[in-house]
Amino acid sequence: MCAAVYVLSTVTGYVLTSALLLKCPNLLHRKKRETFVSKHISHRGGAGENLENTMTAFKHAVDVGTDMLELDCHLTKDEQVVVSHDGDLQRTCGINTNISDVTYSELPPYLCRLGVTFQRECFCEGGEDKRIPLLRDVFDAFPNTPVNIDIKVNNDTLIKKVSELVVKYDREHLTVWGNASNQIVKKCYKENPHIPVLFSLPRVLQLLGLFYTGLLPFVPIKEQFLEIPMPSIITKLQDPSRLTRGQRFIAWLADTLLMRKALFDHLTARGIQVYIWVLNDEDDFQRAFDLGATGVMTDFPTKLKDFMDRNSLSKAE
């Protein structure tokens with residue numbers, strides 16, 4: 001009887017303490033310093049309104065009023081850091097070769113028409129700007145705009161050169177970097193711990209485990225940005241009639257586990273920003289902000305800006 005009472009009191013104490021610290025994490029953890037807060041994030045510069053990852057796309061997004069540019073980096077044969085999502089040039093340029101196998105001067109222009117990855121049956125037709133830019137071009141053009149960098153390959157030289165550029169342009173306080181790969185994120189953090197890092201996929205899974213076991217409020221976190229998809233949008237990216245029952249169940253389960261307001265509120269209270277990608281419909285914008293997400297990443301920066309203006313979602317302070 002005494003043992004049962006002891007176990008019950010211990011479990012009750014743990015649950016109550018966990019619940020308290022989940023609501024009030026600053027009782028245990030100092031809130032991370034936020035040098036910028038981004039509500040409006042332009043995915044690849046806004047791939048639905050201009051050719052992705054081009055200077056024209058980035059300029060348009062900044063002109064619209066985006067809080068952050070999201071982009072991807074690779075390394076050319078002559079070790080130039082270029083802004084491109086794909087490592088090969090087949091989809092974007094129609095040439096079957098890798099960026100790493102050609103020098104920057106040899107890179108071909110983008111095709112005139114590119115598919116928008118996160119919008120079903122949608123294509124973007126570009127204007128005159130079809131050049132794959134250098135990362136330093138972006139830093140030169142937008143010195144005060146936060147940039148979210150996806151390090152696309154596990155390449156020590158790429159990581160080192162991106163860090164050097166960030167330092168050269170005095171952007172450690174305006175940059176976040178990382179990748180779904182935990183190995184890449186660890187290398188980024190080791191190379192330059194002053195640049196905030198994103199949660200990798202293994203760390204997202206670990207985060208969920210800690211959250212659902214009640215341990216999250218007790219654990220320190222080095223990452224400052226959680227960037228996750230909204231799994232429910234799979235029904236908009238694929239024909240729902242072609243999804244199997246198993247696929248629909250997995251999407252539902254992932255959505256139920258990931259899209260948790262209590263989790264987002266806890267992280268936000270600890271100074272960890274939550275970005276949800278890649279949302280292109282107004283109902284998804286609304287759901288993300290209702291859940292407490294810090295920001296939304298979109299292919300259509302004008303659409304998101306209009307939505308935020310109509311709903312009095314002011315520019316991030």
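Which residues does H40 touch, not counting residues up to four places away in sequence? I began my notes with this question and worked outward from there.

**Entry 1: H40**

I am looking at a predicted model. I located H40 in strand 1, which covers residues 40–43. I listed what H40 touches beyond four places in sequence: V64, T66, D67, M68, V296, P301, L304, K305 and M308. I then looked up the pair H40 and P301, which are 261 residues apart in sequence. In space their C-alpha atoms are 7.6 Å apart. I also asked whether H40 is buried or exposed. The relative accessible area of H40 is 1%, and buried means under 20%, so H40 is buried.

**Entry 2: the whole chain**

I counted the elements next and noted twelve helices and ten strands. The radius of gyration is 21 Å, and the globule rule gives 20 Å for 317 residues, so the chain is as compact as a globular protein of that length. I noted the box filled by the C-alpha atoms as roughly 80 × 45 × 40 Å along the principal axes. Of the 317 residues, 48% count as buried.

I looked at contacts across the chain as well. Among contacts with a separation of 6 or more, 68% are between residues 24 or more positions apart. The accessible surface comes to about 15,300 Å², and carbon and sulfur atoms hold 56% of it. For charges, I wrote down 37 positive and 39 negative, with mean positions 6 Å apart.

**Entry 3: the record**

I checked UniProt, where an unreviewed entry places the feature "domain: GP-PDE" at residues 38–308. I looked up that span in the model and found it to be 37% helix and 16% strand. The C-alpha atoms at its two ends lie 13 Å apart.

**Entry 4: two positive phi values**

Most residues other than glycine have a negative phi. I therefore noted D170, a residue other than glycine whose phi is positive, near 55 degrees. D170 sits in the loop between helix 5 (156–168) and strand 7 (175–178). Its relative accessibility is 57%, and exposed means over 50%, so D170 counts as exposed.

Where is S312 found? I placed S312 in the segment after helix 12 (301–310). S312 is not a glycine either, and its phi is positive at about 55 degrees. Because its relative accessibility is 66%, S312 counts as exposed.

Methods
Residues are numbered from 1 along each chain as its sequence is written. This is a predicted model: local features need pLDDT of at least 70, side-chain atom pairs count only at pLDDT 80 or more; totals for chains, interfaces and linings use all residues. Side-chain values use heavy atoms; hydrogens and water are left out. Helices (H or I, at least four residues) and strands (E, at least two) are DSSP runs, numbered from the N terminus. The radius of gyration is taken over C-alpha atoms; the globule rule is 2.2 Å times the number of residues to the power 0.38. Buried means under 20% relative accessible area, exposed over 50%, partly exposed in between (1.4 Å probe, protein chains only). Contact means heavy atoms within 4.5 Å. Accessible areas come from the Shrake-Rupley method with a 1.4 Å probe; for residues, only the protein chains shown count as cover. Lys and Arg count as positive and Asp and Glu as negative; His and the chain ends are not counted. The place of a charge is taken as NZ of Lys, CZ of Arg, CG of Asp or CD of Glu. UniProt positions are given in the numbering used here, feature names are shortened, and annotations may be inferred rather than shown by experiment.
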